[in-house]
Amino acid sequence: MGDEPLLQKARIQEDIESDKGIGVNDSDGDGPVTLILLFTTLTTLCGTFSYGTAAGFTSPAQTGIMAGLNLSLAEFSFFGAVLTIGGLVGAAMSGKLADIFGRRGALGVSNSFCMAGWLMIAFSQATWSLDIGRLFLGVAAGVVSYVVPVYIVEIAPKKVRGTFSAINSLVMCGSVAVTYLLGSIISWQKLALISTAPCVFEFVGLFFIPESPRWLSRNGRVKESEVALQRLRGNNTDITKEAAEIKKYMDNLQEFKEDGFFDLFNPRYSRVITVGIGLLVLQQLGGLSGYTFYLSSIFKKSGFPNNVGVMVSSVVQSVTSVLGIVIIDKYGRRSLLTVATVMMCLGSLITGLSFLFQSYGLLEHYTPISTFMGVLIFLTSITIGIGGIPWVMISEMTPINIKGSAGTLCNLTSWSSNWFVSYTFNFLFQWSSSGVFFIYTIISGVGILFVIKMVPETRGRSLEEIQAAITR
């Protein structure tokens, strides 16, 4: 009995690589980039854009909101932090939503929360409505942070899967930059109203895009799965091999359904869960929220002009995000993660040393520029790898029969770590402006070893092949 699941897994792997010629080097089942695929991806990314606008909203809106609604600093800080609380709520239900209602249905739920949140903020006359609106935005963000990468990975051809997934990070950076720019020239109410535009576009687009073929097949809707796949790949594309691979894998999964949360701790899923959670913990505890949420405080403490620092950082992140899109399918996930984690470690080390020298009155004239360089190196590591690739790999590695439970667990881990870092940064920064970055350096250093030893390469392989190989 103990060997039966392993034999079934072995059979899945053999079936995938067997007589139909579906294997590592096969490219026949890999379709072209069609207009409907681009439109579906664009519609999906509207959720990410809304998440980015929510994350960036507090910085340009702070002065206007505090003056307009007579908020204290503590009240505004709570308003900002409510996004993370909502994110935890959204994360907790993201996996089940995606499993029960499908990827498209989950995005519809998220879109409803997002639209309601922005409208409540735009027309708020009291603190309570402002906070509830922000909470709704957090719920939407918690859902899309899981569903968007999963949906994109499941619909994209394998040869461009990494590229399409990497666009998610570019959209996130771009939306934050756009929010900073618009917020500097219009009122916070108008900024909140304009932020509903992606919600409207997504709402309309959801009526025209197909559901994930893999989710449809998993739920026994094989004909609908083939129709959706044909739409995504184009009418002139032969989808026989790709459809057969998906169906064969799903048929084998039906023999041992393991959809419960506690089934995640089955030994055959240990590497999937370990890698997924490990990468997300590295991403967050390595300092991501500390840098992004408190970038102005870091520049101010170092003596570097805040406006210049934020503007240049936004430009650099946008440019390096484009670079990440170009190279992710050329050099692979594992290679980029290794380079990014090294840069993450180096960036925090340089920033920490800058503040250390400043505290002893050494090289004070160089502190602003060296801090700025350390921040740029860290932020570059985020955009070329550590920001988006963990979610890409989780979506690629996780078998669809545990994807809901695994997604919920990973999403909760990410948002909990996010809250912990964003909550503790100011205390640690007051305790020691250099020490907090040395802590991030140590965590990133351990992360380098983790990536080298534990993370597999998934580039150029079908989802079914990746999942069968890593869980046997």
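Helix α17 has 20 residues, and from its first C-alpha to its last the helix reaches 26 Å, close to the 28 Å expected at 1.5 Å a residue. The model in which this helix is seen is a predicted one. Of the 20 residues of α17, 17 are buried, so the helix is largely enclosed by the rest of the structure. Helix α17, which covers residues 367-386, also gives 8 residues to the largest nonpolar core, and this is the largest share of that core.

**The chain as a whole**

The protein chain has 21 helices and 0 strands. Of its 472 residues, 57% are buried. Among the contacts in the chain with a separation of 6 or more, 84% are between residues 24 or more positions apart. The chain exposes about 19,000 Å², and 67% of this area is supplied by carbon and sulfur atoms.

**Two nonpolar cores**

Which residues have the most contacts inside the largest nonpolar core? That core has 41 residues, and those with the most contacts inside it are Leu279, Tyr291, Leu337, Phe425, Phe437 and Val455. Taking Leu279 as an example, and leaving aside residues up to four places away in sequence, this leucine touches Leu337, Pro390, Met393, Phe450, Val451 and Val455. Apart from the largest core lies another one, of 30 residues, which includes Val143, Tyr146, Val148 and Ala156.

**Helices α12 and α20**

Leu279 belongs to the buried residues of α12, which are Val272, Ile273, Val275, Gly276, Gly278, Leu279, Leu280, Leu282, Gln283 and Gln284. Helix α12 takes in residues 270-285, and its 16 residues reach 21 Å from the first C-alpha to the last, close to the 22 Å expected at 1.5 Å a residue. Just after this helix, Gly287 takes a positive phi of about 115 degrees.

Helix α20 covers residues 435-454, and its 20 residues should span 28 Å at 1.5 Å a residue, which agrees with the 28 Å between its end C-alpha atoms. In this helix the buried residues include Phe437, Tyr440, Ile448, Phe450 and Val451. The buried residues of α20 pack against α12, and they also pack against α13 (288-293), α14 (295-302), α16 (333-359) and α19 (403-431). Two residues of α20 that were named above as touched by Leu279 are Phe450 and Val451.

As a general point about such elements, an α-helix has 3.6 residues a turn, so residues three or four places apart point the same way.

**Charged pairs**

Side chains of opposite charge can pair when their charged atoms come close. In this model the count comes to 4 salt bridges, and the table below gives three of them with the distance between the closest N and O atoms.

| Salt bridge | Closest N and O atoms |
|---|---|
| Asp99 and Arg103 | 3.7 Å |
| Glu154 and Arg103 | 2.9 Å |
| Arg233 and Glu242 | 2.9 Å |

Glu154 lies in helix α5 and Arg103 in helix α4 (residues 102-122), so this pair ties together parts that are 51 residues apart in sequence. The helix that holds Glu154, α5, covers residues 127-155. The side chains of Glu154 and Arg103 also make a polar contact, at 2.9 Å.

Are Glu154 and Arg103 buried or exposed? Glu154 has a relative accessibility of 1% and therefore counts as buried, and Arg103, with a relative accessible area of 1%, is buried as well. Asp99, by contrast, is partly exposed, because its relative accessible area is 23%, and the range for partly exposed residues lies between 20% and 50%. Salt bridges that share partners join Asp99, Arg103 and Glu154 into one network. In the remaining pair of the table, both Arg233 and Glu242 are buried.

**A loop residue with a positive phi**

Where is Asn70 found? This residue is in the loop between α2 (35-68) and α3 (73-100). Although Asn70 is not a glycine, its phi is positive, at about 55 degrees. With a relative accessibility of 68%, Asn70 counts as exposed, because the term is used for residues over 50%.

Conventions: Residues numbered from 1 in each chain as written. Predicted model: local features only at pLDDT ≥ 70, side-chain atom pairs only at ≥ 80, totals over all residues. Heavy atoms only, no water. Core = buried A, V, L, I, M, F, W, Y, C linked by side-chain atoms within 4.5 Å. Buried < 20%, exposed > 50% of the residue type's maximum accessible area, 1.4 Å probe, protein only. Helix = DSSP H or I, 4+ residues; strand = E, 2+ residues; numbered from the N terminus. Contact = heavy atoms within 4.5 Å. Areas by Shrake-Rupley, 256 points an atom, 1.4 Å probe, with all protein chains shown as cover. Polar contact = N/O pair within 3.5 Å; in protein donor to acceptor, adjacent residues only side chain to side chain. Salt bridge = Lys/Arg side-chain N within 4 Å of Asp/Glu carboxyl O. Expected span 1.5 Å × (residues − 1).
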